[in-house]
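The exercises below are meant to be worked through with the sequence and the model side by side. Each task is followed by a solution that proceeds step by step.

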Amino acid sequence: MRVLIIGGDGYCGWATALHLSARGHEVAIFDSLIRREWDRQLGVATLTRIRSVDDRLRAWRSVSGNAIRFVCGDATDYDALRLALAETRPDAVVHFGQQRSAPFSMIDRKRAVETLTNNTVGNLNLLWAMHEVCPDAHLVKLGTMGEYGTPNIEIEEGFITIEHKGRSDRLPFPKTPGSFYHLTKVADSDQIYFACRVWGLRATDLNQGVVYGVDTPETALAPALVNRFDYDGIFGTALNRFCVQAALERPLSVYGKGGQTRTFLDIRDTVRCIELALDTPAAAGEFRVFNQFTEIFGVLELAERVHAVASRMGLDAPVRHVQNPRVEKEAHYYSTTNERLLSLGLRPHLLDDDILERLIVTAAVNRRRIDPAQIDADVKWNAPARETIAAAV
Ligand code: NAD
Ligand code: USQ
């Protein structure tokens, strides 16, 4: 298959590009490298020393013998995107290329607008470009479990059958997302569903949970292939952050009560899920939604597991409840399903103590690159708007 990966220089995209290339697919990456620029602007850095795109691709060619083509372009630039599709003639497009941090989208108005513009315009451009250039290609789009929020009913995979006043219909599952970032994902899903209905596009929306881990078998083949490991207060996700905190023997930062329940998966399962979605494409006009996760944990439960493993390793990293910078439910009902990917053959890597220990060791090995100041999470969901303050003084 010819596969174009938008956002293929990022965490999930890089691992996926190598996974698919290793399996004989003809892979091309389209990425604006904006994520590396955002890191620079915010003064944060991945714990692992990721190499330039050129060095990464050279290393991959030398260990695998496979070439991955790289196109530097921005999905918000329609002409660049359309040209990339025309030149690569993909059978499938995997779309990871978005601003993916909830805290980033809540920094201030400017970052919220930047997130919305980047994600919504990029997604809309992609739909038009596919309609124009490769209407039969399969779109595999990364959505998020956070689109659904934390409703007091079981979360289905994308759709729910509702009976109302004696009538019944199968409708998109109601969404109550928790950040401006998550809201863009809801808009993407609506746009894609519309394009499937109106233009007959084939699409799979993968509502992914929080991803953890660094290595996949391919990224571990050479140091120059190493993937990112974000631990900072903006891009770092919960489990990765807890493991870095444990390696530093700092308290594990559980926001509020820690009863926030979320879905999780190992990066090795992310790449496999994409492969499964590609192997059995959606039909023309079909909009499929798969919930892409393997396990469900409460945040406090996760921190306690990291604490227990760290203690066995001789590290003193207590669990600490800190004031929650976000506005979210801290104790709630949560139930959902991931049947569709399991039925396609997903065999999950479940989180065990060995995986936690490896993550803590990875953090400890890279200890000299850890900047403790980056760990603090200072983006508050309900902070007074900065421009309002500026206008008042
Ligand atoms: P990332 O920031 O590591 O990678 C995103 C990549 O997309 C970067 O290389 C960036 O430069 C590129 N990009 C961003 N905007 C672009 C644009 N307009 N044009 C071209 N390239 C652009 O993020 P990630 O963690 O790999 O996440 C990938 C996708 O998966 C995102 O859509 C995210 O919402 C989704 N997702 C991630 C997680 C997670 O835990 N990491 C969980 C659920 C869903
Ligand atoms: N949390 C803590 N302590 C921390 C960091 C986070 O308690 O130090 C809590 C948060 O308050 C939240 C939960 O952990 O309740 C998850 O936060 P997170 O930062 O790990 O993940 P989130 O902001 O939800 O975003 C991440 C990815 C995003 C993806 C999403 C999947 O950055 O791209 O869409 O996970 S989901 O959560 O299913 O929406």
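**Exercise 1. The surroundings of ligand 1**

How far from an oxygen atom of ligand 1 does a backbone N or O atom of C12 lie? Use the answer as the starting point for a description of the site, bearing in mind that the model is predicted.

*Solution.*

Step 1. The backbone N or O atom of C12 is found 2.8 Å from the ligand oxygen.

Step 2. Two further polar contacts involve nitrogen atoms of ligand 1: a backbone N or O atom of S32 lies 3.2 Å from a nitrogen atom of the ligand, and a polar side-chain atom of Q208 lies 3.4 Å from a nitrogen atom of the ligand. With these contacts in view, the extent of burial can be stated, since ligand 1 taken alone exposes 830 Å², of which the protein buries 98%.

Step 3. Widening the view to the whole shell, one counts 27 residues around ligand 1, with C12, D31, N118, Y181 and K185 as the closest. By class, this shell consists of 10 nonpolar, 10 polar and seven charged residues.

Step 4. At least two residues of the shell are supplied by each of α1 (11-22), α2 (34-42), β5 (138-144), α7 and β9 (210-212).

**Exercise 2. The surroundings of ligand 2**

Which residues come nearest to ligand 2, and how much of the accessible area of ligand 2 does the protein cover?

*Solution.*

Step 1. Ligand 2 has 23 residues around it, and those that come nearest are T144, Y181, A238, S253 and E328. Y181 is also listed among the closest residues to ligand 1.

Step 2. Three polar contacts to oxygen atoms of ligand 2 can be traced: a polar side-chain atom of E328 lies at 2.6 Å, a backbone N or O atom of R100 at 2.7 Å, and an N or O atom in the side chain of R262 at 3.3 Å. The protein covers 95% of the 730 Å² of accessible area that ligand 2 has on its own.

Step 3. The shell is made up of nine nonpolar, nine polar and five charged residues, and α7, α8 (238-247) and β10 (252-255) each contribute at least two of its residues.

**Exercise 3. Enclosed and open space**

How many cavities of 30 Å³ or more does the structure hold, and which element gives the largest share of the lining of the largest cavity?

*Solution.*

Step 1. There are three such cavities, and the largest encloses about 70 Å³ of space.

Step 2. The elements giving two or more residues to the lining of this largest cavity are α7 (180-199), β8 (202-208) and β12 (287-292), and the largest share, three residues, comes from α7. The lining, which includes E147, S189, D205 and F287, divides into five nonpolar, three polar and four charged residues.

Step 3. Turning to open space, the second largest pocket has a volume of about 550 Å³. Its lining comprises 26 residues, of which M106, I107, D108, V379 and R386 are the closest to the pocket centre, and α6 (109-133), α13 (372-375) and α14 (386-392) each supply at least two residues to it.

**Exercise 4. The chain as a whole**

Why can the chain be called as compact as a globular protein of its length?

*Solution.*

Step 1. The chain has 14 helices and 14 strands. Its radius of gyration is 20 Å, close to the 21 Å that the globule rule gives for 393 residues, and it is therefore as compact as a globular protein of that length.

Step 2. The C-alpha trace spans about 65 × 55 × 55 Å along its principal axes.

Methods. Residues are numbered from 1 along each chain as its sequence is written. Chains are lettered from A and ligands numbered from 1 in the order in which they are written. This is a predicted model: local features need pLDDT of at least 70, side-chain atom pairs count only at pLDDT 80 or more; totals for chains, interfaces and linings use all residues. Side-chain values use heavy atoms; hydrogens and water are left out. On a 1 Å grid over the protein atoms alone, a cavity is a set of points where a 1.4 Å probe fits but cannot get out, and a pocket is an open set with protein on both sides within 12 Å along at least five of seven lines; lining residues have an atom within 4 Å of a point. Grid points are joined across faces, edges and corners, and a volume is the space filled by probe spheres set on the points. Helices (H or I, at least four residues) and strands (E, at least two) are DSSP runs, numbered from the N terminus. Ala, Val, Leu, Ile, Met, Phe, Trp, Tyr, Cys and Pro count as nonpolar, Asp, Glu, Lys and Arg as charged, and the others, Gly among them, as polar. A residue is near a molecule or strand if one of its heavy atoms lies within 4 Å of it. A polar contact is a pair of N or O atoms within 3.5 Å; within protein, one must be able to donate a hydrogen and the other to accept it, and residues adjacent in sequence count only if both atoms are side-chain atoms. Accessible areas come from the Shrake-Rupley method with a 1.4 Å probe; for residues, only the protein chains shown count as cover. The radius of gyration is taken over C-alpha atoms; the globule rule is 2.2 Å times the number of residues to the power 0.38.
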